[in-house]
Amino acid sequence: MDFSSKILENAVNEVSRLPGIGKRTALRLVLHLLKQPKENTTYLTEALLHLRNDVKTCEKCHNISDTLLCDICQNPKRNPEIVCVVEDIRDVMAIESTSQYSGLYHVLGGKISPIEGIGPQNLQIESLINKVEKGETKELIFALSSTMEGDTTNFYIYRQIERFNIITSTIARGISVGDELEYADEITLGRSIVNRIPFEQSIRG
């Protein structure tokens with residue numbers, strides 16, 4: 001791809017670093033920005049800088065937040081004894097959109113994947129185990145996607161906490177095997193949360 005401007009080429013190269021965006025899509029986006037009023041680009045730049053510099057991670061659940069504790073963890077109407085274990089903020093958003101869950105979350109920040117060099121030490125697993133040890137949690141709901149990595153992560157956590165007196169459950173398999181949670185429709189996902197099953201039953205099956 002030949003560029004008439006080095007500045008344009010640099011902008012396209014940076015945008016194309018984003019996941020799912022190739023050079024042609026990046027070029028289309030950059031040219032679109034060039035056609036917009038200058039203040040629109042300024043707003044975008046300021047929003048990205050604000051995001052990068054000021055966004056925080058909730059001290060309790062590791063969700064992305066504007067404050068040290070996210071809105072969900074601060075909400076007195078949520079049930080603190082039930083914790084839903086998810087991969088990232090996209091899964092929190094997906095479950096929240098169902099309006100079928102009133103507990104708290106624990107965001108792992110990924111799944112165990114030896115191929116990608118991601119082990120338990122790279123995830124927020126230790127802080128989850130600490131919650132269970134302190135007796136703060138009565139039930140853990142495993143809501144990772146039904147992939148090999150998701151199932152491996154579920155089982156690893158289960159083995160770490162099975163000695164404690166805690167209920168472990170997993171979302172019902174209304175979600176197809178191999179599907180990512182964020183792409184499930186709200187009704188299916190909501191039913192999967194409500195009709196969750198004991199985790200022991202899922203690994204025996």
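**Helix packing and pockets**

In this predicted model, Leu-8, Ala-11, Val-12, Asn-13 and Val-15 of helix H1 are in contact with Lys-23, Ala-26, Leu-27, Leu-29, Val-30, Leu-31 and Leu-34 of helix H2. By class, the residues of this contact comprise 10 that are nonpolar, one that is polar and one that is charged. Two packed helices are described by the angle between their axes and the distance between the axes. For H1 and H2, the packing angle is about 120° and the axes lie 8 Å apart; because angles of 65 to 115 degrees count as roughly perpendicular and those over 145 as roughly antiparallel, the two helices are classed as oblique to each other. The crossing that H1 and H2 form is right-handed.

Attention then turns to the pockets. The largest pocket encloses about 560 Å³ of space, and 19 residues line it, of which Ala-11, Val-15, Val-30, Leu-33 and Leu-44 are the closest to its centre. At least two lining residues are supplied by each of helix H1 (6–15), helix H2 (23–35) and helix H3 (38–54). Among the lining residues of the largest pocket, 12 are nonpolar, five are polar and two are charged. Ala-11, Val-15 and Val-30, which are among the residues closest to the centre of this pocket, also take part in the contact of H1 with H2.

The second largest pocket has a volume of about 180 Å³. Its lining is formed by Thr-57, His-62, Asn-63, Ile-64, Glu-87, Asp-88, Ile-89, Val-107, Leu-108, Gly-109, Asn-122 and Gln-124, and these residues divide into four nonpolar, six polar and two charged.

How values were computed. Residues are numbered from 1 along each chain as its sequence is written. This is a predicted model: local features need pLDDT of at least 70, side-chain atom pairs count only at pLDDT 80 or more; totals for chains, interfaces and linings use all residues. Side-chain values use heavy atoms; hydrogens and water are left out. On a 1 Å grid over the protein atoms alone, a cavity is a set of points where a 1.4 Å probe fits but cannot get out, and a pocket is an open set with protein on both sides within 12 Å along at least five of seven lines; lining residues have an atom within 4 Å of a point. Grid points are joined across faces, edges and corners, and a volume is the space filled by probe spheres set on the points. Helices (H or I, at least four residues) and strands (E, at least two) are DSSP runs, numbered from the N terminus. Ala, Val, Leu, Ile, Met, Phe, Trp, Tyr, Cys and Pro count as nonpolar, Asp, Glu, Lys and Arg as charged, and the others, Gly among them, as polar. Axes are lines fitted to C-alpha atoms, for helices over the stretch in contact, and angles run from 0 to 180 degrees between N-to-C directions. Angles under 35 degrees count as roughly parallel, over 145 as roughly antiparallel, 65 to 115 as roughly perpendicular and the rest as oblique. A crossing is left-handed if the near helix is turned anticlockwise from the far one by less than a right angle, and right-handed if clockwise. Contact means heavy atoms within 4.5 Å.
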